[in-house]
Every structure is written in C-alpha cells, then in structure tokens.
Amino acid sequence: MKIEKRGTDSYRIRKMYKGQMYTVTFDHKPTQKEAMLAMADELNKIKTAHTQMTFQRAAESYVDMKRNVLSPRTIKEYSESVNRFPEWFRKLPISDITQVEINKLINELSKGRSPKTVRNYHGFLTAVLGTFYPSLKISTTLPQKVKSEPYTPSQEDVKRILESVKDTAYEIPITLACYGMRRSEICALQAEDIEGDIVHINKALVMDENKKWVIKNTKTTESTRDIIIPKELSEKIRKQGYVYNGYPESITRCLTRIEKKIGIPHFSLHKLRHYFASEMSALGVPEADILRMGGWETDHVMKSVYRHSMMEKEEKAKRDAAEKLRNVLFS
C-alpha cells in the first residue's frame with residue numbers, strides 16, 4: 001500500500017472500494033502494517049454503516065451511484081421500483097435481511113404480477129444487496145417463466161395499417177417502425193439525419209425520472225447504425241422538413257385505434273420490429289445483416305422474434321422432402 005507524504009508531518013493512504021475512494025491520514029509516517037490495519041478499520045466502519053442502512057436508503061443510494069452511468073429511462077425505472085417494494089421491506093435494516101425475508105417478499109410480489117416483473121424486482125434487489133451487503137448469500141426460488149407467443153403482424157396486417165395512415169402525421173413514424181426502428185429512435189430522428197435514402201440512427205427520445213422527454217444516445221452501441229429506406233419516404237420527410245413532431249404515446253394510440261377499426265389482433269408498435277426481422281428472414285437476408293439493420297446487441301432476442309418464420313421454412317423443407325420421397329416410391 002502506497003504511503004503518500006502530504007506536508008511536513010502529514011501522511012495519507014488511499015484505497016478504492018466499490019467505486020469510491022477512501023482516505024486515512026496520519027500525523028506521522030506509518031509502517032506498512034499500521035497503514036493496512038488503519039485502512040481495514042476504515043473499511044469495516046463503512047461496511048458496518050452500510051448494513052445499518054434501511055433497504056430503501058440503500059436502494060436510493062444505489063440509484064444515485066448509477067445516475068451518470070445508466071440511461072435516463074433505466075434510472076427512471078429503478079427510481080420507481082424503490083417505492084414499489086412493500087413498506088415493511090423498505091424499512092428493514094440491510095443487516096436484518098435474510099433469505100427468509102426475501103422469500104416472503106417474493107411470495108408477496110408474485111400476487112397479481114407476472115413472473116417477468118417479479119424477476120425484475122428480484123434482479124434490482126440482488127444488485128442493491130450485492131453492493132451494500134455482499135456477504136449475504138441469496139438463493140431464491142422465483143416464479144417459473146411463462147413462455148408467451150406474442151402476435152407478430154402479418155404482411156397483410158401491415159399493408160392495411162400503412163394504407164390507413166397514408167398522408168397522416170403517423171405515416172412516416174409507423175413506416176419507419178416497419179424498417180426496424182424503435183419508437184424512441186423515430187421520435188429523436190431529424191430531417192438532417194437523412195442523406196438520400198440513408199437514415200443515420202444515433203440518438204433516442206426517452207422519459208427521465210422527472211417524467212420529462214430527453215434526447216440521449218441510442219440504447220446500445222449496436223443501436224447506432226445506418227439503414228436504407230424507400231426514396232419516396234425520404235423525399236416526403238425532406239419535403240415536410242421533419243420526421244414526427246407529436247408525442248411518442250400518440251403513435252401508439254394511433255396504431256391501437258387502427259387495429260380496432262380494421263379488425264386485426266392487437267399488437268404494440270414494437271412488434272413491427274418483430275415483423276421486420278421476420279420478413280428479412282423470410283426474404284433470405286443473412287442473420288448478421290438482420291442483426292445490424294435492427295440494431296440488436298445479440299442474436300438471442302432477434303432470433304426469438306422470427307423463430308416462427310424459421311419454423312415455417314423448416315416445415316416447408318420437410319414437406320418438400322416428403323413429396324420427393326413420395327414421387328420416388330409411388331411414381
């Protein structure tokens with residue numbers, strides 16, 4: 001451990017612990033043993049102070065620690081999550097939390113909430129306790145994941161929707177969603193981000209913890225990308241001078257209204273990204289290219305949304321093979 005001289009009779013040692021620098025000063029030059037013992041004592045005080053914090057205080061401190069690292073949307077979700085824990089758990093000192101209390105909490109949260117939501121709560125809980133009470137070993141039985149098969153719009157659905165929004169304020173944003181763009185990316189897009197038929201996607205519009213819409217960087221590094229759109233669409237954007245000037249929620253509500261009006265199953269705007277991936281796969285576009293065009297960080301999510309298209313291909317291949325065998329056997 002390095003001992004630094006700070007003045008005539010002043011020395012100090014420093015150590016980084018969980019992202020924060022701690023300092024111990026001396027009025028004499030300490031030996032290495034003295035320095036190590038003094039720093040150990042200082043860190044023990046910090047650990048003791050942490051375990052005496054209530055869960056709410058620890059959770060709020062955790063959010064503050066991540067404020068300049070995570071996106072405004074994630075900070076908003078974390079901040080809101082803190083007060084969604086039951087009051088009895090929020091008031092518990094960290095040192096009093098055991099696996100018994102965690103099991104009781106998860107059992108309570110599981111009433112009326114989806115397994116995914118409960119798992120998100122547990123993930124936040126373990127992140128907080130891992131930071132402020134790392135010695136606590138957590139092994140929780142969580143609700144079983146529910147395998148869902150969300151509806152992905154068909155090509156006919158999308159054509160009918162685009163026909164319904166033609167020449168309205170929602171034509172451009174909904175069309176861009178069909179090209180794999182997220183709502184946040186569409187709402188942050190400016191006319192100057194488009195060169196010819198190339199769209200430069202490099203920012204997103206999200207709501208922060210104060211419920212204000214702010215521009216930030218894209219969701220991931222992979223989300224910063226260029227895509228190609230029809231020239232007639234890019235010309236329409238240039239002609240009007242902007243992409244979309246309304247509130248993000250208005251696009252979602254418009255889509256819901258149209259679905260009801262034309263009588264098709266309900267799906268969110270985000271499902272148009274799923275449609276994009278499915279159509280690209282059906283057209284034989286390589287997975288790596290679909291990944292880049294959609295701005296997915298990994299292929300796990302991308303594959304999960306077009307697996308039905310892959311299954312259709314496999315089914316067709318099986319039928320073709322069976323038909324060939326039938327021709328051999330019975331012709």
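1. Let's start with helix 3, which covers residues 72–82. In this predicted model, its buried residues are Ile75, Lys76, Ser81 and Val82. What covers them? Among the elements doing the job are helix 2 (55–66), helix 4 (87–90), helix 6 (115–132) and strand 6 (204–207).

2. Now have a look at the aromatic rings. The count of aromatic pairs comes to 10. Take Tyr62 and Phe124: their ring centres are 6.1 Å apart and their planes sit at 75 degrees, so this pair is edge-to-face, a label that needs an angle over 60. The two residues come from distant parts of the chain, with Tyr62 in helix 2 and Phe124 in helix 6, 62 residues apart.

3. Are these two buried or exposed? Buried means under 20% relative accessible area. Tyr62 has 9%, so Tyr62 counts as buried, and Phe124, at 4%, is buried too.

4. Another pair worth finding is Phe85 with Tyr121. Here the ring centres lie 5.4 Å apart and the planes are at 85 degrees, so we call this pair edge-to-face as well. Phe85 belongs to the loop between helix 3 and helix 4, while Tyr121 is in helix 6, and 36 residues separate them along the chain. Both Phe85 and Tyr121 are buried.

5. Zoom out a bit and you get a cluster: ring pairs link Phe55, Tyr62, Tyr78, Phe85, Trp88, Phe89, Tyr121 and Phe124. One of its members, Trp88, also has Lys104 lying over its face, 4.5 Å from the ring centre.

6. Last, check Trp296. The charged end of Arg273 sits over the Trp296 ring, 4.3 Å from the centre.

Methods:
Residues numbered from 1 in each chain as written. Predicted model: local features only at pLDDT ≥ 70, side-chain atom pairs only at ≥ 80, totals over all residues. Heavy atoms only, no water. Buried < 20%, exposed > 50% of the residue type's maximum accessible area, 1.4 Å probe, protein only. Helix = DSSP H or I, 4+ residues; strand = E, 2+ residues; numbered from the N terminus. Contact = heavy atoms within 4.5 Å. Phe/Tyr/Trp six-rings, centres within 6.5 Å; stacked < 30°, edge-to-face > 60°. Lys NZ or Arg CZ within 6 Å of the ring centre and 35° of its normal.
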